[in-house]
Amino acid sequence: MGKEANESKDIANVIAQKEQEITLLKDQMVRMEAELNLAKDIQLNMIPISHPDFGGRSDVELYAKLISAREVGGDFYDYYLLDDNHLAIVVGDVSGKGVAAGFMMAVGKALLKSRAATDYSTASIMSHVNQEMAANNPDYMFTTVFMGVINLAKKEMTYTNAGHNPTFILQKDGNLVKLSTLHGPVVAAMEDIVYGESVVSLSVGDVVFAYTDGITEAHNSTLELFSEERLCESLKRPFKNVKDTVERIVLDILLFERGEEQFDDITALCVEIKE
Amino acid sequence: MDIVSTAKEDMLILDFVGQLDTGTAPRAEVEVNKYLENNQKIIFNLAQTVFVSSAGLRVFLGTAKKLKASGGLFRICNANQVVQEILDISGFSQILDVKNSLEEAVTNFN
């Protein structure tokens with residue numbers, strides 16, 4: 001009898017211990033879920049509205065969209081008028097996920113904007129922001145960044161691509177130009193990087209399209225990628241307006257994925273130069 | 001994703017087999033860190049690496065920085081066309097020591 005009583009006491013102990021472990025794991029899951037939600041909030045609260053009217057001005061129209069994956073990736077976009085003639089646009093993708101990526105996004109976005117207030121050279125902005133971010137980066141995180149400063153009076157864009165997917169310009173005659181020049185590595189990876197910049201002329205009717213790799217790397221059930229080729233096909237269709245371009249590409253991706261779960265954030269930012 | 005290690009003279013060659021992405025990078029990082037304790041010259045051989053995402057690039061960067069801090073050396077070699085393109089666009093081929101073949105990677109590695 002004594003032995004049996006001991007055995008059942010042991011079993012009761014094991015059960016109690018397992019129950020405790022389950023409770024702990026459940027608590028942990030709730031905390032992780034909360035962290036993911038917090039990261040998503042940080043990300044979505046940080047991006048400006050999709051379709052700004054820039055105080056009613058008619059010489060430029062911008063539309064941007066960020067679709068967050070279930071597990072938050074690190075996409076972000078931003079835009080701001082630096083003065084009456086200069087519009088800055090930014091698209092980036094932070095490595096990693098969760099709260100850490102959210103914070104890096106917030107810091108990168110703020111540093112870019114603050115430097116751009118007094119410095120219109122994207123090369124100089126990127127070099128300064130990289131130095132700041134690389135100096136204190138114990139987790140080896142980094143972010144790709146495309147930044148353009150569009151001079152709306154001169155109709156030209158100065159831009160720097162730091163490890164990001166090349167931006168496209170859909171010219172008014174239907175020609176698609178890829179801005180292939182890379183001006184330096186991803187931001188925050190290494191200190192002492194001096195970034196370059198390029199200038200591209202724009203005409204009324206030209207459209208700038210910047211995006212993240214969530215578009216080109218979206219895939220279907222057979223692991224086929226949406227790819228840059230499909231993106232170009234989508235971009236080459238007759239242009240209606242910036243909102244239509246972005247929404248149509250998002251729809252193309254959804255149709256391509258055919259219900260496959262979206263693994264990475266998808267971001268597109270489109271600017272039309274107008275009269 | 002599997003990591004196969006081969007010692008060659010004073011170098012350690014790590015073969016990454018499969019995809020190095022968000023799903024596999026955290027475990028790869030833990031495994032690589034174990035090798036970092038006893039090795040100062042490490043080569044990542046990507047001959048059998050199908051794809052590398054930004055999470056994978058973070059493993060490369062972390063390894064390079066840790067080895068640099070301890071006076072060690074790091075090289076990457078044998079990237080396929082897709083991975084090479086990722087290394088080029090991200091600028092990692094500028095900031096890391098990337099070689100075309102394992103033969104090149106083990107040559108004059110000091």
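What covers the buried residues of H1(B)? Let me come to that by way of the rest of the complex.

Hi everyone. What we have here is a predicted model. The predictor gives the complex an ipTM of 0.88 and a pTM of 0.88. For chain B the average pLDDT is 93, with 100% of the residues scoring at least 70.

Let's begin with chain A. Its helix H1 runs over residues 2–46, which makes 45 residues. From first C-alpha to last it reaches 66 Å, close to the 66 Å expected at 1.5 Å a residue. The number of buried residues among those 45 is two, so H1(A) lies largely in the open.

Now, where the chains meet: 14 residues of chain A and 13 residues of chain B take part in the contact. On the chain A side, those residues divide into eight nonpolar, six polar and no charged.

Over to chain B, and back to my opening question. Helix H1(B) covers residues 25–36, and its end C-alpha atoms are 16 Å apart, in agreement with the 16 Å that 12 residues should span at 1.5 Å each. Its buried residues are B:Ala25, B:Ala28 and B:Val32. Looking down the helix axis, they fall within an arc of 55°, so they line one face. That fits the general pattern: with 3.6 residues a turn in an α-helix, residues three or four places apart point the same way. On the other side, B:Pro26, B:Arg27, B:Val30 and B:Lys34 are exposed.

And the cover itself? It includes strand S1 (2–8), strand S2 (11–20) and helix H2 (54–69), which belong to chain B. Thanks, everyone!

Terms used: Residues numbered from 1 in each chain as written. Chains lettered and ligands numbered in written order. Predicted model: local features only at pLDDT ≥ 70, side-chain atom pairs only at ≥ 80, totals over all residues. Helix = DSSP H or I, 4+ residues; strand = E, 2+ residues; numbered from the N terminus. Expected span 1.5 Å × (residues − 1). Buried ≥ 20, exposed ≤ 12 C-beta atoms within 10 Å, placed from the backbone. Contact = placed C-beta atoms within 7 Å. Nonpolar A, V, L, I, M, F, W, Y, C, P; charged D, E, K, R; others polar. Arc of directions from axis to C-beta. pLDDT = per-residue confidence, 0-100.
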